[in-house]
Amino acid sequence: MLKHYRFLLPLFSLLFAGNALSQDSSAIGVWQTEPSDKGYLHVSIEECDDALCGTILQAYDLEGAPLEGYEHLGKNMLWDMKSTGESSWSGGKIWDPSKDKTYKSKMDVADDVLSVSGCIMVFCRAQTWERVQ
């Protein structure tokens with residue numbers, strides 16, 4: 001009798017593997033950073049090998065107008081973010097272009113809100129990003 005069900009094992013493996021991949025996809029998309037005194041950024045998060053990374057797509061002033069000639073367009077803002085659960089990632093780095101500093105980072109997503117934090121030693125900063133796409 002068990003011989004007839006052996007074909008189900010690979011099927012269940014594929015179903016669960018697909019579910020694991022879809023967990024990482026919840027952070028994939030374009031996110032708007034919190035505004036600073038100069039404006040805000042749009043960051044595109046996507047899969048990079050076995051982790052997530054984020055690239056600066058566009059910079060905007062506080063009124064929402066694109067900042068032409070922003071020097072950091074296309075640069076990585078976060079990288080090496082590895083899944084630690086259904087909707088959380090850590091072990092990566094985040095770069096703050098306004099301070100030109102890199103921090104150890106982690107992030108969690110809930111619906112259309114991405115909580116991002118960066119730490120150096122015991123000093124941490126956090127932001128809440130909103131999904132654009």
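**Exercise 1. Tyr70**

Find where Tyr70 lies, and decide whether Tyr70 is buried, partly exposed or exposed.

Solution.
- Step 1: place the residue. Tyr70 sits in the loop between E3 and E4. Helices (H or I, at least four residues) and strands (E, at least two) are DSSP runs, numbered from the N terminus.
- Step 2: apply the cut-offs. Buried means under 20% relative accessible area, exposed over 50%, and partly exposed in between (1.4 Å probe, protein chains only). Tyr70 has a relative accessible area of 21%, so Tyr70 is partly exposed.
- Step 3: list the contacts. A contact means heavy atoms within 4.5 Å. Leaving aside neighbours within four places in sequence, Tyr70 is in contact with Leu41, Ile56, Ala59 and Pro97.
- Step 4: compare sequence and space. Tyr70 and Gln58 are 12 residues apart in sequence. Their C-alpha atoms are 7.9 Å apart.

A note on the model: it is predicted, so local features need pLDDT of at least 70 and side-chain atom pairs count only at pLDDT 80 or more, while totals for chains, interfaces and linings use all residues. Residues are numbered from 1 along each chain as its sequence is written, and side-chain values use heavy atoms, with hydrogens and water left out.

**Exercise 2. The whole chain**

State how many helices and strands the chain has, and in which pattern they follow.

Solution.
- Step 1: count. The chain has 1 helix and 8 strands.
- Step 2: read along the sequence. The pattern is α-β-β-β-β-β-β-β-β.
- Step 3: check burial. The chain has 133 residues, and 32% of them count as buried.
- Step 4: check the contacts with a separation of 6 or more. Residues 24 or more positions apart account for 33% of these.

**Exercise 3. The aromatic pair**

Identify the aromatic pair, and explain which parts of the chain it ties together.

Solution.
- Step 1: know the rule. Rings of Phe, Tyr and Trp (its six-membered ring) pair if their centres lie within 6.5 Å; planes under 30 degrees apart count as stacked, over 60 as edge-to-face and the rest as tilted.
- Step 2: find the pair. The structure holds 1 aromatic pair. Tyr40 and Tyr60 form it, 5.2 Å centre to centre. Their planes are 20 degrees apart, and the pair is stacked.
- Step 3: place the partners. Tyr40 lies in strand E2 and Tyr60 in strand E3, so the pair ties together parts that are 20 residues apart in sequence.
- Step 4: check burial. Tyr40 is buried, with a relative accessible area of 15%. Tyr60 also counts as buried, at 15%.

**Exercise 4. The nonpolar core**

Describe the largest nonpolar core, and follow one of its residues.

Solution.
- Step 1: define it. A nonpolar core is a set of buried Ala, Val, Leu, Ile, Met, Phe, Trp, Tyr and Cys residues joined through side-chain atoms within 4.5 Å.
- Step 2: size it. The largest core has 20 residues. Ile45, Met107, Leu114 and Trp129 have the most contacts inside it.
- Step 3: name the suppliers. E2, E3, strand E4 (76-85), E5, strand E6 (101-110) and E7 each give at least two residues to this core.
- Step 4: follow Met107. Not counting residues up to four places away in sequence, Met107 touches residues including Ala27, Ile45, Leu52, Trp89 and Leu114.

**Exercise 5. Two positive phi angles**

Compare the settings of Asp80 and Asp100.

Solution.
- Step 1: read the angles. Asp80 has a positive phi of about 60 degrees, although it is not a glycine. For Asp100, also not a glycine, the positive phi is about 50 degrees.
- Step 2: place them. Asp80 lies in strand E4. Asp100 lies in the loop between E5 and E6.
- Step 3: check exposure. Asp80 is partly exposed at 43% relative accessible area, while Asp100 is exposed at 58%.

**Exercise 6. Gly91**

Decide whether Gly91 is buried or exposed, and list what Gly91 touches.

Solution.
- Step 1: place the residue. Gly91 is in strand E5.
- Step 2: judge exposure. Gly91 has 65% relative accessibility, so Gly91 counts as exposed.
- Step 3: list contacts. Not counting residues up to four places away in sequence, Gly91 touches Asp80 and Ser105.
- Step 4: check a distance. Gly91 and Lys104 are 13 residues apart along the chain, and their C-alpha atoms are separated by 6.9 Å.
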